[in-house]
Amino acid sequence: MGDRASRHRVICAGRRVPDGWVIIGRYHNPACDGEGRNALIIKRPGRREVVCGDSPIPEGYVRSRSVRSEGCAGEHDNAWVIERQSP
């Protein structure tokens, strides 16, 4: 089955992102309230991950550079590459 970092879930925007999880995208889900990109795609990050600019950064990770992600809201550099810090 793949490692834990590769599995993702969907939650409605406005809900709290669980500790240790990151936002990797947004889209419209009719099961969630509101218009537009009203749902978040979340996952536990791997060693290196592209996360949306408004994503929480889990303990043990650092932002390494800003990037553009089509799945995230906003224009220009709207996301971050995060990396797990070495112990």
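Let's start with one pair of residues: I23 stands opposite I42, and I42 belongs to strand 3. Keep in mind as you look around that this is a predicted model.

That pair is a handy way into the first sheet. Strand 2 and strand 3, the latter covering residues 39-43, pair in the antiparallel sense, and five bridges link them. Zoom out a little and you'll find an open sheet of three strands, running in the order 1-3-2 with antiparallel pairing. Now look at the edges, where strand 1 (8-12) and strand 2 (22-27) stand; each has a single partner strand, so one side of each has no neighbour in the sheet. As for how the strands lie against each other, neighbouring ones in this sheet are turned by 30 degrees on average, ignoring direction.

Further along the chain comes another sheet. Here, too, we can step in through a facing pair: V51 stands opposite W80, a residue of strand 6. Strand 6 spans residues 79-84, and strand 4 pairs with strand 6 in the antiparallel sense over five bridges.

Which order do the strands take in this open sheet? The answer is 4-6-5, three strands with antiparallel pairing. What stands at the edges? That would be strand 4 (48-52) and strand 5 (61-67), and because each has a single partner strand, one side of each is left without a neighbour in the sheet. Neighbouring strands of this sheet are turned against each other by 30 degrees on average, again with direction ignored.

Conventions
Residues are numbered from 1 along each chain as its sequence is written. This is a predicted model: local features need pLDDT of at least 70, side-chain atom pairs count only at pLDDT 80 or more; totals for chains, interfaces and linings use all residues. Side-chain values use heavy atoms; hydrogens and water are left out. Two strands pair if DSSP finds at least two bridges between them. Helices (H or I, at least four residues) and strands (E, at least two) are DSSP runs, numbered from the N terminus. Axes are lines fitted to C-alpha atoms, for helices over the stretch in contact, and angles run from 0 to 180 degrees between N-to-C directions.
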